[in-house]
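Q: Please take a close look at one part of this protein, the strands that follow one another in its sheet, and describe how their residues sit with respect to the core. I would like one connected account.

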Amino acid sequence: MKIKILITSLIIFIFFNACSNEKENTHDDGNNQASLSQSENVNFTLKFLDGRKLFIKTNNQNFYFDDTSKAKLFVFFTTWCAPCKVEIPHLNNLYQKYKDRFEVIALSLEENKEQEMFEFIQEYKIAYPVAIGENNFIFSKILNVGAIPTMVLFNAKGEKVKEYLGVIPEEMLDVDIQKAIL
């Protein structure tokens with residue numbers, strides 16, 4: 001009996017630590033971005049695979065997006081993270097349900113080539129926009145993303161509504177999205 005409990009505990013520990021941030025922390029862009037925090041003033045642009053761009057300005061823990069028409073759920077993920085893959089259908093559902101007032105924005109925390117990411121998007125049928133590039137790492141550091149999957153929900157005004165770590169039930173996200181789009 002004790003062996004079963006030990007093995008079960010070990011499996012649970014491995015599962016929750018499998019998507020830790022160790023792989024992302026090996027990223028070094030030559031700039032000392034490790035000291036970024038929400039209190040600093042930083043401007044950057046997220047670049048999406050479809051060619052679209054989103055300008056983000058941070059100022060003393062306030063966030064300003066050049067597109068203020070919709071609430072935004074930023075999803076930090078990697079292609080090798082099993083929980084990240086599990087949440088894709090739920091995020092697709094919510095993206096479709098609220099697409100007039102809300103958008104899901106996926107931010108890859110890998111240095112994938114565009115073709116690899118296109119293949120991942122196609123394989124997992126991701127319906128929402130995916131951003132790649134070094135600015136994803138900058139944004140993750142500003143928001144103190146320490147593990148994946150991590151999601152951060154903002155209302156259309158750029159106010160942070162909620163942060164999530166791990167796989168979150170679709171129903172729970174739905175309730176919070178409704179609050180963010182009011």
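**Strand β2 and its surroundings**

A: The largest nonpolar core has 53 residues, and those touching the most other members are Leu46, Phe74, Phe76, Phe102 and Phe139. Strand β4 (residues 71-77) gives this core its largest share, namely six residues. All of this is read from a predicted model.

Leu46 is a convenient way into the part you ask about, since its bridge partner in β2 is Leu54. The strands concerned, β1 (residues 42-48) and β2, are paired in the antiparallel sense over six bridges. When neighbours within four places in sequence are left aside, the contacts of Leu46 include Arg52, Lys53, Leu54 and Ile56, and also Phe74, Leu107, Ala131 and Phe139, with Asn135 and Asn136 completing the list. The hairpin of β1 and β2 has four residues between the strands, and there Gly51 takes a positive phi near 95°.

Strand β2 (residues 53-59) itself has side chains that alternate along its length: Leu54, Ile56 and Thr58 point to one face and are buried, whereas Lys53, Phe55, Lys57 and Asn59 point to the other face and are not buried. Phe55 thus belongs, with two lysines and an asparagine, to the face whose residues are not buried.

On to the next strand, β2 is joined by four bridges to β3 (residues 62-65), and these two also run antiparallel. Here Ile56, one of the buried residues of β2, stands opposite Phe65 in β3. The hairpin of β2 and β3 has two residues between the strands, and Asn60 takes a positive phi near 50° in it.

Beyond these hairpins, β4 leads into a loop between β4 and α3 (82-86), where Thr78 is found. Thr78 is buried, because its relative accessible area of 0% is under the 20% limit. A polar atom of the Thr78 side chain lies 3.5 Å from the backbone nitrogen of Cys81.

Strand β4 is also among the elements that cover the buried residues of α7, together with α4, β5 (102-108), β7 (150-154) and β8 (160-165). Those buried residues of helix α7 (residues 170-180) are Leu173, Asp174, Asp176, Ile177 and Ala180. From helix α4 (residues 88-97), Lys97 has its C-alpha atom 9.4 Å from that of Asp174, although the two are 77 residues apart along the chain. Lys97 counts as exposed because its relative accessible area, 52%, is over 50%.

For the wider setting, the protein has seven helices and eight strands, and 46% of its 182 residues count as buried.

Methods. Residues numbered from 1 in each chain as written. Predicted model: local features only at pLDDT ≥ 70, side-chain atom pairs only at ≥ 80, totals over all residues. Heavy atoms only, no water. Core = buried A, V, L, I, M, F, W, Y, C linked by side-chain atoms within 4.5 Å. Buried < 20%, exposed > 50% of the residue type's maximum accessible area, 1.4 Å probe, protein only. Contact = heavy atoms within 4.5 Å. Polar contact = N/O pair within 3.5 Å; in protein donor to acceptor, adjacent residues only side chain to side chain. Pairing = 2+ DSSP bridges.
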